[in-house]
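Subject: Structure for your review

Dear colleague,

Please find below the structure that I agreed to hand over. My notes on it follow, and I would be grateful if you would read them with the structure open.

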Amino acid sequence: MSEPGVLLTARAMVLHDLAARGFNDPVMVSCLEDAVAGRQWWLDQWPDGAEHIAGLVAQDVQDRLVDSGIRWPRCTACDDLQDHELRIEPELGPDPHWVCERAGITVAPLGRLT
C-alpha cells in the first residue's frame, strides 16, 4: 500500500473506533489528525514499517487522551467493574487488535470496535 494509503487507512480505522465509543467530536478528531501527521515522519524514515502504522496511530491517540485524563476505549467486554481501558496488541506489529489485559481477552481488531 502506498504511504498516503497506509496513513489514510490507519486514520479510518482509529476514527471508526473513536466513533464506536462516542469519541468522534471535533477535539478527538483533531487529536487523531495530529497523531496521523506525527506518524508521517516515522513512515518516511522507515517505509518498511508500514504494517505497524495503524497500531501506532491508535496508541498515539490513546496516549494523548490519557494525558488529558480521558480513558479510551473503555473496556465493556469483561466482568471487571473497575473502570479500565483496552490496549493495542501487538505494541509494534501487523494486525493490531484491542485486548482487555485484565481478563486476557481479545475484544476486536483495530477498526472494528462496537
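A residue is called buried when its relative accessible area is under 20%, exposed when it is over 50%, and partly exposed in between. His-97 has a relative accessibility of 23%, and therefore counts as partly exposed. Please bear in mind throughout that this is a predicted model.

Overall fold

The protein chain contains 3 helices and 3 strands. Their order from the N terminus is α-α-α-β-β-β. Along the principal axes, the C-alpha atoms occupy a box of roughly 40 × 30 × 20 Å. A compact globule of 114 residues would have a radius of gyration near 13 Å, and the 14 Å of the protein chain agrees with this. Of the 114 residues, 41% are buried. Among contacts with a separation of 6 or more, 51% link residues that are 24 or more positions apart. The protein chain exposes about 6300 Å², of which 51% comes from carbon and sulfur atoms.

The nonpolar core

The largest nonpolar core has 30 residues, and the members that touch the most others are Val-14, Leu-18, Ile-53, Val-57, Val-61, Trp-72 and Trp-98. At least two residues of this core come from each of α1 (3–20), α2 (26–45), α3 (53–67) and β2 (97–100).

What does Trp-72 touch, leaving out residues up to four places away in sequence? Its contacts are Val-14, Asp-17, Leu-18, Arg-21, Phe-23, Ala-58, Val-61, Gln-62, Leu-65, Glu-85 and Trp-98. Three of the other core residues named above, Val-14, Leu-18 and Val-61, are thus among the contacts of Trp-72.

Helix α3

In α3, 11 of the 15 residues are buried, so this helix is largely enclosed by the rest of the structure. The buried residues are Ile-53, Ala-54, Gly-55, Leu-56, Val-57, Ala-58, Gln-59, Asp-60, Val-61, Gln-62 and Leu-65. At 1.5 Å a residue, the helix should span 21 Å, and its end C-alpha atoms are indeed 21 Å apart. After α3 comes Gly-69, which has a positive phi near 85°.

Gln-62 belongs to this helix. Its relative accessibility is 2%, so Gln-62 counts as buried. Apart from neighbours within four places in sequence, Gln-62 is in contact with Trp-72, Pro-73, Glu-85, Leu-86, Arg-87 and Trp-98.

A residue of helix α2 can be set beside this one: Asp-34 is found there. With 43% relative accessibility, Asp-34 counts as partly exposed. Asp-34 and Val-57 are 23 residues apart in sequence, and their C-alpha atoms are 9.5 Å apart in space.

The loop between α3 and β1

Cys-75 is located in the loop that connects α3 and β1. Is Cys-75 buried or partly exposed? Its relative accessibility is 13%, below the 20% limit, so Cys-75 counts as buried. Beyond residues up to four places away in sequence, Cys-75 touches His-84, Glu-85, Leu-86 and Cys-100. The C-alpha atoms of Cys-75 and Glu-85 are separated by 5.0 Å, although the two residues are 10 residues apart along the chain.

The strands

Strand β1 (residues 87–89) pairs with β2 in the antiparallel sense over 3 bridges. Within this pairing, Ile-88 has Trp-98 of β2 as its bridge partner. Strand β3 (residues 105–109) also runs antiparallel to β2, and 4 bridges join the two. Here Cys-100 stands opposite Ile-105 of β3. β2 and β3 form a hairpin with 4 residues between them, and Gly-104 in the turn has a positive phi of about 70°.

To return to His-97, this residue lies in strand β2. Which residues does His-97 contact, leaving aside its neighbours within four places in sequence? They are Arg-87, Ile-88, Glu-89, Pro-90, Thr-106, Ala-108, Pro-109 and Leu-110. The C-alpha atoms of His-97 and Glu-51 are separated by 13 Å, and the two residues are 46 residues apart along the chain.

Yours sincerely

Definitions and conventions: Residues numbered from 1 in each chain as written. Predicted model: local features only at pLDDT ≥ 70, side-chain atom pairs only at ≥ 80, totals over all residues. Heavy atoms only, no water. Core = buried A, V, L, I, M, F, W, Y, C linked by side-chain atoms within 4.5 Å. Buried < 20%, exposed > 50% of the residue type's maximum accessible area, 1.4 Å probe, protein only. Contact = heavy atoms within 4.5 Å. Pairing = 2+ DSSP bridges. Rg over C-alpha atoms; globule rule 2.2 N^0.38 Å. Areas by Shrake-Rupley, 256 points an atom, 1.4 Å probe, with all protein chains shown as cover. Expected span 1.5 Å × (residues − 1).
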